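Some words used for a structure rest on a value and a cut-off. The questions below take a few of these words in turn and ask what supports each one.

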Amino acid sequence: MRIAVIARVFGILLTVFSLTLLPPIGVSLWYDDGTHPAFSIAFAITLITGLFMWLPVHDLRQEMRTRDGFVVTSLFWLVLGSFGALPLIISPLPDLGITDSIFESLSGLTTTGATVITGLDDLPPAILYYRQQLQWFGGIGVIVIALAILPMLGIGGMQLYKAETPGPVKDTKLTPRIAETARALFVIYIILTLLCGLGYWWAGMTVFDAVGHAFSTVANGGFSTHDASMGFYANNRAIMAICIFFMFTAAINFGLHFFAFRNRTLGHYWRDSEFRFWVSLTLCSAVLVSLYLWLEGVFSPGSSFLHGFFQVVSIGTTAGFASENFSAWPAFLPFGLLMLGILGACAGSTCGGIKAVRGMLIMKSGMRELNRLVHANAVVPIKVNGKIVPERVTDAVWGFFAVYLLSFIIITIVVMATGEDFVTSISTVASCLSNIGPALGDAAANYGSINEVAKWFLILAMLMGRLEIFTLLVLLTPAFWRH
């Protein structure tokens with residue numbers, strides 16, 4: 001690990017991140033909400049810190065190694081979340097302490113969408129806009145965005161991309177050059193955001209709400225400018241349908257979007273095994289939830305269909321928007337929805353969770369073992385998209401699942417040890433580790449009542465979920481630090 005190389009990358013990335021504090025200053029001045037000094041101070045601190053780290057080593061021309069990439073990817077999210085919390089700490093509204101500010105900032109950047117803030121409808125517009133913008137940048141991954149710039153500055157980027165990109169397959173590039181890959185992803189991301197924002201505006205949202213909700217919808221983040229979340233627009237079926245469509249679209253592997261964008265075709269979506277698995281699971285779950293809500297008399301048939309489909313897609317894609325208080329729904333539904341969120345959607349998308357492809361491989365692996373019990377000498381290969389999956393990949397999937405489950409259990413026990421009850425602890429950890437957002441128990445409305453010690457462990461869970469656990473845990477292994 002080379003400190004100078006890491007410092008140079010941190011300096012550049014912090015300098016780039018400081019520029020994201022300029023739009024909220026413009027929003028504050030436009031609405032005259034009085035928060036622009038907080039954003040101006042945060043901008044100056046972030047920019048000066050970035051330049052202070054970059055200038056002493058700006059002439060360095062060494063390439064990053066894999067170890068350097070893991071360190072930068074893991075630690076930068078914590079550093080970025082800390083600097084991103086500055087406006088929330090400095091601004092008199094929403095009057096948050098350091099822990100709550102960092103929690104809110106990292107919840108946005110990791111697209112978790114768990115909030116500690118109440119009274120969103122009365123907050124200054126610049127603060128509301130900033131929360132949404134944090135999720136938008138988190139959705140595509142600030143590091144992946146920066147990869148379009150870093151190669152021009154003489155810094156290799158593939159190590160960062162491999163450590164940051166969601167999903168079990170880390171070695172696939174959409175284009176030969178990583179900068180081109182980052183630009184392709186960024187262009188698709190921007191197009192989806194523009195289309196989503198225009199759709200919201202056409203359906204009746206104000207321009208401010210349309211932009212803010214487009215940011216969090218395409219990022220599958222779940223932050224809203226209203227306390228009622230998307231329930232604020234529950235009577236507008238067009239807005240709800242647009243939200244469902246773009247949450248669903250953003251949860252599809254962006255590699256499939258890239259292929260469709262480049263080849264002007266849609267047929268390849270259904271030929272993808274993961275896509276078929278996830279769509280089938282989502283549709284079956286949505287029908288089941290909708291029927292149960294109707295048969296139990298919770299809503300009318302039309303409302304049961306609307307809220308059932310909306311919440312299944314919202315939680316299943318780890319967006320975390322709420323059309324209704326699903327934590328109050330009967331029987332198994334709240335926990336069933338959380339289980340869907342833990343699985344997540346497609347790898348290579350803006351969603352969190354374990355990812356559908358891993359769930360599919362675990363299921364296929366389990367079925368293979370059942371077949372082997374009957375036919376002991378049979379050779380039953382596991383296939384995805386018509387190709388045999390190497391044993392190394394299935395071993396990695398089972399390893400990930402084991403570490404994920406162990407992390408989930410340990411953090412849940414620790415949160416319970418801080419004084420939270422079982423339902424609150426298990427649901428908040430599941431939600432943060434899978435970057436879902438909504439939880440049950442005392443956190444059903446928001447996370448404001450959670451004690452500070454528990455919040456720090458939930459912050460750790462958010463980071464582990466965003467980096468898919470291994471990227472962060474590898475820093476704790478002795479082998480990583482050996483020369």
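**Reasons behind the labels**

Q: What makes H11 largely enclosed by the rest of the structure?
A: In this predicted model, ten of the twelve residues of H11 are buried, so the helix is largely enclosed by the rest of the structure. Buried means under 20% relative accessible area, and the residues of H11 that meet this include Phe 208, Asp 209, His 213 and Val 218.

Q: How do you know what span is expected for helix H11, and what does the helix reach?
A: Helix H11 covers residues 207–218, and its reach from the first C-alpha to the last is 16 Å, close to the 16 Å expected at 1.5 Å a residue. After H11 comes Asn 220, which has a positive phi, near 50°.

Q: Why is Ile 98 called exposed?
A: The label exposed requires over 50% relative accessible area, and because Ile 98 has 55% relative accessibility, this residue counts as exposed. Ile 98 is placed in helix H6, and together with Ile 41, Ile 45, Ile 89 and Ile 90 it forms a nonpolar patch on the surface, with about 390 Å² of accessible area together. Helix H3 and helix H5 are the elements that give two or more residues to this patch.

Q: Why is Asp 442 called partly exposed?
A: Partly exposed lies between the cut-offs of 20% and 50%, so Asp 442, at 47% relative accessibility, counts as partly exposed. Asp 442 sits in the loop between helix H20 and helix H21, and, leaving aside its neighbours within four places in sequence, its contacts include Glu 420 and Ser 449.

Notes: Residues numbered from 1 in each chain as written. Predicted model: local features only at pLDDT ≥ 70, side-chain atom pairs only at ≥ 80, totals over all residues. Heavy atoms only, no water. Helix = DSSP H or I, 4+ residues; strand = E, 2+ residues; numbered from the N terminus. Expected span 1.5 Å × (residues − 1). Buried < 20%, exposed > 50% of the residue type's maximum accessible area, 1.4 Å probe, protein only. Patch = residues over 30% accessible without salt bridge, like charges linked within 9 Å, V, L, I, M, F, W, Y side chains within 5 Å. Areas by Shrake-Rupley, 256 points an atom, 1.4 Å probe, with all protein chains shown as cover. Salt bridge = Lys/Arg side-chain N within 4 Å of Asp/Glu carboxyl O. Contact = heavy atoms within 4.5 Å.
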